Amino acid sequence: MFAGTLVFALINSFILILLALGFNLTFGISGVANFAYGALYVMSAYMSWAMMRLLSLPFWASAAVSIAITMIAGALMYRFVLLRVRGQALSEVIATFSIGLAILEVFRYLGLVGFEYTLPVFSGESFMIAGAYVDMQRIAVVLIGLMLVLGLWLFTHFTPLGLAFRGIAQDERTALTFGIDSDRLGVLSVSFGAGLAAVAATIIIPLGSIAPDEGYDVLIKALAVCIIGGLGSTGGVIVAGFIIGFAERFTDTYIGSHWTMIVSLAAILLVLAIKPSGLFGRQKELEERI
Amino acid sequence: MKKRRERIDRGIKVRSEDIYALCSWREMLYLAGPRVLPAAVFLLLPLFLGVYWQKVMLSVAVFALLAMSWDMLAQSGMISLGQALFFGMGAYVSGVLNFYFGLPPWITIPLATALGGALCTIVLLPVLRLRGIYFSMVTLIIPLMLVRIIEATKIFGGTEGLSGMTPLPAGLIEVYLVTGVFLAVLFGLRRLMETDYGLVLKGIRDNDRSVTNAGINIYWFKTQALFISSAIGAFAGAFMTHIYMFVGMPVFALDYSILPIAAAVVGGVGTTAGAALGAVLLVPLSEALRGIGGLRIVMYGLFLVVFIVAVPEGLFDYIQRKYHQMERWVEIDK
């Protein structure tokens, strides 16, 4: 049982890392805390579902189209809403939060809840690892999670666009003097974050089903991982993903499933109260607290 | 006879802001109108309304209280995303006092106001130093966590909650209790924020470090602001417990966090009266749109986005400006 818990904790950690990567990317580059993140995640899942069911497209095509549409939605959100309140962190939070709320509540109103609202798994096989049955989908989560983390690292360190992203994140004004357009990169950063949310939805939703409430849970999980790891720090996301992933799975097994969510919420509160910049975030002492 | 147009407020402002020497009834009316008229409407309207619209007025007043308490915190530089914490704390304190100890509403409501306010302040005390978005995230998370804790530990009735509270005397008494408190809070807070005390709070919002430099303990001021604001929210919660005769997990729901913010943003942040105006507009509107059910929250969300992007100063500011810019024709001498 212990070994099985370990295996599932590892998988859970990768789920959390996948969920948090997009939120972290957006915040790390343009400083926008995208509270519509969970809504974009749910929206892309519903879109894939609708395209498969209503237009009977194959899974890969509908997933690709819905990832593209989610990226466009993120870009539009930045261009027409966030750009106007740029720099006012709280207006940004209220604006993104209400956009997310509106999207999720529309889906709740449509009543699309149930087991038939899900995406197909890549492959139905499963096999034994350390005394626990693990299906192919969960293995895929781990592999794709690893690939995305590696891909993002390569992207931000070796491509011109990725380097521009990091430039804007480090010092916006200096980046401007080098001819990097911060408005255009802001659009791209929110769009890429939304795209990562859609990718995560495509891989993770087959393990469960799509529901509007999922949007709030995803937002809280992404927030938990990013806050504990340090907002905007990719290394922090990975470490925090493992911390929360293991903590959740072990509370679930040894204390009770009611307490799973409380663990991550309590972890956020503790980190915010003690070290708001997180485990690996850059210290910005007077900005975050006085 | 030649005429020119003259701003009404100029002379009145000069004379009324320092020394009180208004010359005519018209000028006194100009000053008192915007203050007396809403108060009169709130005091007289319940007499003419049916039972259903009295209930609507009741929730207008409750949400206006929550919105004003949000606005007061915002004016002190703390943006809360979880007014439901204040509301729910007050609701649970009065519910528990009534359910387990059998205290009557006229004891539980004042007690829950003070105790709920104190509890919220104590809960938020460790994060008082946090600024901006970090404080907001804490307030967003605490109500969510309390819901899960109640669910997991099954205290105070767990998921089913406590029911069978003593109701308030029905009819006009409950309406006048809450509208009375609403008017007192509205005018009290507006007065408070104009005094030196309020100036310090606004100073903390604008530049906390320079307020510290002036030798003022900003943590003590923030604690007091937090207590005032959460006590107002706790009153609203305690009152609603006795109206619904029920307290349970829904008191920590997102509605109680999002509607006050929507009201304050629509009405205008930083004016107190704007928050009340927003609630007066939004709550009856959502009541009229009861048929669309869940889409109401969608509507609040869209309202919030449109106002925060297009009209960030809110409606109250606009109305106030137009009122001050009112002109009249006067004859030109000679």
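Student: Where in chain A is the place of S56(A)?
Tutor: S56(A) sits in the loop between α2 and α3 of chain A. Helices (H or I, at least four residues) and strands (E, at least two) are DSSP runs, numbered from the N terminus. This is a predicted model: local features need pLDDT of at least 70, side-chain atom pairs count only at pLDDT 80 or more, and totals for chains, interfaces and linings use all residues. Residues are numbered from 1 along each chain as its sequence is written, while chains are lettered from A and ligands numbered from 1 in the order in which they are written.

Student: Why is S56(A) called exposed?
Tutor: Count C-beta atoms, placed from the backbone, within 10 Å of the residue's own: 20 or more others make it buried, 12 or fewer exposed, and anything in between partly exposed. S56(A) has 8, so it is exposed.

Student: What is the sign of phi in S56(A)?
Tutor: Positive, at about 40 degrees, although S56(A) is not a glycine. Most residues other than glycine have a negative phi.

Student: What makes M245(B) partly exposed?
Tutor: M245(B) has 15 C-beta neighbours inside 10 Å, so it falls in between the two limits. M245(B) also has a positive phi, near 55 degrees. Its loop runs between α10 (218-244) and β3 (246-247) of chain B.

Student: How do you know that G215(B) counts as exposed?
Tutor: G215(B) has 6 C-beta neighbours inside 10 Å, so it meets the exposed limit. G215(B) lies in the loop between α9 and α10 of chain B.

Student: Why is chain B said to be as compact as a globular protein of its length?
Tutor: Chain B has 14 helices and four strands. Its radius of gyration is 22 Å, and the globule rule gives 20 Å for 334 residues; the two are close, so the chain is as compact as a globular protein of that length. The radius is taken over C-alpha atoms, and the rule is 2.2 Å times the number of residues to the power 0.38. Buried residues make up 45% of chain B.

Student: How many Å does α3 (residues 59-80) of chain A reach, and what is expected?
Tutor: The helix has 22 residues and reaches 31 Å from first C-alpha to last, close to the expected 32 Å. The expected span is 1.5 Å times one less than the number of residues.

Student: Which helices do the buried residues of α3(A) pack against?
Tutor: They pack against α2 (37-54), α4 (89-110) and α8 (182-204) of chain A. Among those buried in α3(A) are S62(A), I67(A) and Y78(A).

Student: What makes a set of residues a nonpolar core?
Tutor: Its members are buried Ala, Val, Leu, Ile, Met, Phe, Trp, Tyr and Cys residues, joined through C-beta atoms within 7 Å. The largest core has 196 residues, and L18(A) and L65(B) are among those with the most contacts inside it. Helix α3 (residues 51-75) of chain B gives the largest share, 15 residues.

Student: How many residues does each chain bring to the contact between A and B?
Tutor: Chain B brings 35 and chain A brings 36. Two residues are in contact if their C-beta atoms, placed from the backbone, lie within 7 Å. α6(B) gives the most to the chain B side, with 13 residues.

Student: What is the mean pLDDT of chain B?
Tutor: The mean is 85, and 97% of its residues reach 70 or more. pLDDT is the predictor's confidence in each residue, from 0 to 100. The model scores ipTM 0.79 and pTM 0.85.
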